[in-house]
Amino acid sequence: MRDPVRTVPRAIIGAVLISIVMYLLVVVAMIDSGITHFGLAGVSQAAQALMGNWGGQMIAFAACLSTLSGANALLLGGSEIALRLVADEDIPRSSQDH
């Protein structure tokens, strides 16, 4: 990255703005679907009402990908934190190392 002081804040603000727009579009789609009561799978119900059967399946697939992405980030982030703590010697030695 050439200029992280400038790029990182822009990336964070951009990601937040994109998320806000996506959430607003989901709300508009749910309102536009005509469904008056949503169950636990409300977004999938709205997608199915607006796009047919494939819409509900697409939402279910996207939810699975999102879950896997979150799990991947958790594993990679957790291991990175542990490696940095060990490298900086911030983790106390075990009693067996003495």
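Which residues form a nonpolar patch on the surface? In this predicted model, the patch consists of Met1, Val8, Ile12, Ile13, Val16, Leu17, Ile20 and Leu24. Together these residues have about 790 Å² of accessible area. The points below cover this patch, the helices H1 (4–32) and H2 (42–51), helix H3 (53–87), the largest pocket and a salt bridge.

**Helix H1 and the nonpolar patch**
- Leu24, one of the residues of the nonpolar patch, belongs to helix H1.
- The relative accessible area of Leu24 is 53%, and Leu24 is therefore exposed, since the term applies to values over 50%.

**The loop between H1 and H2**
- Ser33 occupies a position in the loop that runs between helix H1 (4–32) and helix H2 (42–51).
- With a relative accessible area of 15%, Ser33 is buried, because buried residues are those under 20%.
- Leaving aside residues up to four places away in sequence, Ser33 is in contact with Phe38, Ala46, Ala49 and Leu50.
- Ala46, one of the residues that Ser33 touches, is also among the buried residues of H2.

**Helix H2 and its surroundings**
- Four names make up the buried residues of H2, namely Gly42, Ser44, Ala46 and Ala47.
- These buried residues of H2 pack against two elements, H1 and helix H3 (53–87).
- Gly52 follows H2 and has a positive phi, near 90 degrees.

**The largest pocket**
- The largest pocket holds about 330 Å³ of space.
- H1, H2 and H3 are the elements that each give two or more residues to the lining of this pocket.
- The lining comprises 14 residues, and H1 provides the largest share of it, with six residues.
- Nearest the centre of the pocket lie Met22, Leu25, Val26, Val43 and Ile59.

**The salt bridge in helix H3**
- The structure contains one salt bridge.
- This salt bridge joins the side chains of Glu80 and Arg84, with an N to O distance of 2.6 Å.
- Glu80 and Arg84 are four residues apart in helix H3, so about one helical turn separates them.
- Glu80 has a relative accessible area of 34% and is partly exposed, whereas Arg84, at 55%, counts as exposed.

**Other positions in helix H3**
- Ile81 is another residue of helix H3, and its relative accessibility of 54% places it in the exposed class.
- Ile81 and Gly55 are 26 residues apart along the chain, and their C-alpha atoms are separated by 39 Å.
- Gly70 is likewise found in helix H3, where a relative accessibility of 40% makes it partly exposed.
- Between the C-alpha atoms of Gly70 and Met30 the separation is 24 Å, while the two residues are 40 residues apart along the chain.

**The segment after H3**
- Glu89 lies in the segment that comes after H3.
- Glu89 is exposed, its relative accessible area being 70%.
- Although Glu89 is not a glycine, its phi is positive, at about 55 degrees.
- Most residues other than glycine have a negative phi.

Note on methods: Residues numbered from 1 in each chain as written. Predicted model: local features only at pLDDT ≥ 70, side-chain atom pairs only at ≥ 80, totals over all residues. Heavy atoms only, no water. Buried < 20%, exposed > 50% of the residue type's maximum accessible area, 1.4 Å probe, protein only. Contact = heavy atoms within 4.5 Å. Patch = residues over 30% accessible without salt bridge, like charges linked within 9 Å, V, L, I, M, F, W, Y side chains within 5 Å. Areas by Shrake-Rupley, 256 points an atom, 1.4 Å probe, with all protein chains shown as cover. Salt bridge = Lys/Arg side-chain N within 4 Å of Asp/Glu carboxyl O. 1 Å grid on protein atoms, 1.4 Å probe; cavity = no way out; pocket = protein on both sides within 12 Å on 5 of 7 lines; lining within 4 Å. Points joined across faces, edges and corners; volume = space filled by probe spheres on them.
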